[in-house]
Amino acid sequence: MPSQTTINKLENGRAEFAYKCVENARRPDSEFNYKQSDYKSYVKKIPVLIQTNGLGNTLAFMCSKRGTEKKNAYDQIYDNLSDGLKNEGYECGLLPENEDLLKYSISQPSAVYRQITSECLALLNWLRRLAEGMLEGD
């Protein structure tokens, strides 16, 4: 059997990571308070926001929508993106440990910022696909 290419490994890693994220969205723990349909809807909208407004503006928007007492679906997706960019499991590792995604991404040179944006969009693509099939709501 041929060995996996780097692209296949990245894509399979994203898919596996996104599956775990959507599984968690199906059963949010006590610190999160949102409906599955919210998560599903926001995962569809965020890539469009990134393409229209840029990653930094979209992340700032998501931060502005954060829940006060309990975390909402925007918090969950922001955490998913942060964890995905820290994930060494599929050789992503674009976000250092203990760094905030928004703060780190806007402080990077243009080439790194574009790479972070591309990875976020690729991860959101998998989150959207899986949320469509696994989560309730329209």
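Let's start on helix H1, where the side chains of Glu16 and Lys20 meet in a salt bridge, 3.6 Å from N to O. A salt bridge here is a side-chain nitrogen of Lys or Arg within 4 Å of a carboxyl oxygen of Asp or Glu. H1 covers residues 6–26, and because Glu16 and Lys20 sit four residues apart in it, about one helical turn separates them. An α-helix has 3.6 residues a turn, so residues three or four places apart point the same way. Lys20 is partly exposed, with a relative accessible area of 48%; on this scale buried means under 20% relative accessible area, exposed means over 50%, and partly exposed is what lies in between, using a 1.4 Å probe and protein chains only.

Before going on, a word on where this comes from: it is a predicted model, in which local features need pLDDT of at least 70 and side-chain atom pairs count only at pLDDT 80 or more, while totals for chains, interfaces and linings use all residues. Residues are numbered from 1 along each chain as its sequence is written, and side-chain values use heavy atoms, with hydrogens and water left out.

Back on H1, Glu23 and Arg26 form another salt bridge, at 3.1 Å from N to O. They are three residues apart in the helix, again about one helical turn. Glu23 is buried, with a relative accessible area of 16%, whereas Arg26 is partly exposed at 37%. The search of the whole structure finds seven salt bridges. One of them joins Asp79 to Lys71, at 3.6 Å from N to O. Both ends of that pair are partly exposed, Asp79 at 25% relative accessibility and Lys71 at 29%. Salt bridges that share partners also tie Glu11, Arg14 and Glu119 into one network.

Now zoom out. The protein has six helices and zero strands, where helices are DSSP runs of H or I with at least four residues, strands are runs of E with at least two, and both are numbered from the N terminus. Read from the N terminus, the elements go α-α-α-α-α-α. Of the 138 residues, 43% count as buried. Take the contacts, meaning heavy atoms within 4.5 Å, between residues at least 6 apart in sequence: 67% of these join residues at least 24 apart. For a link across the sequence, look at the loop between H1 and H2, which holds Tyr34. Tyr34 counts as buried at 11% relative accessibility, and Tyr34 and Asn72 are 38 residues apart in sequence but 5.3 Å apart in space, C-alpha to C-alpha.

Which residues of H3 are buried? In this helix, residues 55–64, they are Leu55, Gly56, Thr58, Leu59 and Met62. Looking down the axis of H3, these fall within an arc of 165 degrees, so they line one face of the helix; the arc is taken over the directions from the helix axis to the C-beta atoms. On the other side of H3, Asn57 and Ser64 are exposed. The cover over the buried residues includes helices H2 (36–53), H4 (73–86), H5 (101–106) and H6 (110–134).

One of those covering helices, H4, has an axis that comes within 9 Å of the H3 axis, and the two cross at roughly 135 degrees. That makes H3 oblique to H4. Axes are lines fitted to C-alpha atoms, for helices over the stretch in contact, and angles run from 0 to 180 degrees between N-to-C directions. Angles under 35 degrees count as roughly parallel, over 145 as roughly antiparallel, 65 to 115 as roughly perpendicular, and the rest as oblique. At this packing, Leu59, Phe61, Met62 and Cys63 in H3 meet Tyr74, Ile77, Tyr78 and Leu81 in H4.

H4 also packs against H6, at an angle of about 120 degrees and with the axes 10 Å apart. That makes H4 oblique to H6. Here Ile77, Asn80, Leu81, Gly84 and Leu85 in H4 meet Ile116, Glu119, Cys120, Leu123, Leu124 and Leu127 in H6.

Is Asn80 in H4 buried or exposed? Asn80 counts as buried, at 4% relative accessibility. Leaving aside neighbours within four places in sequence, Asn80 is in contact with Phe17, Cys21, Tyr39, Leu123 and Leu127.
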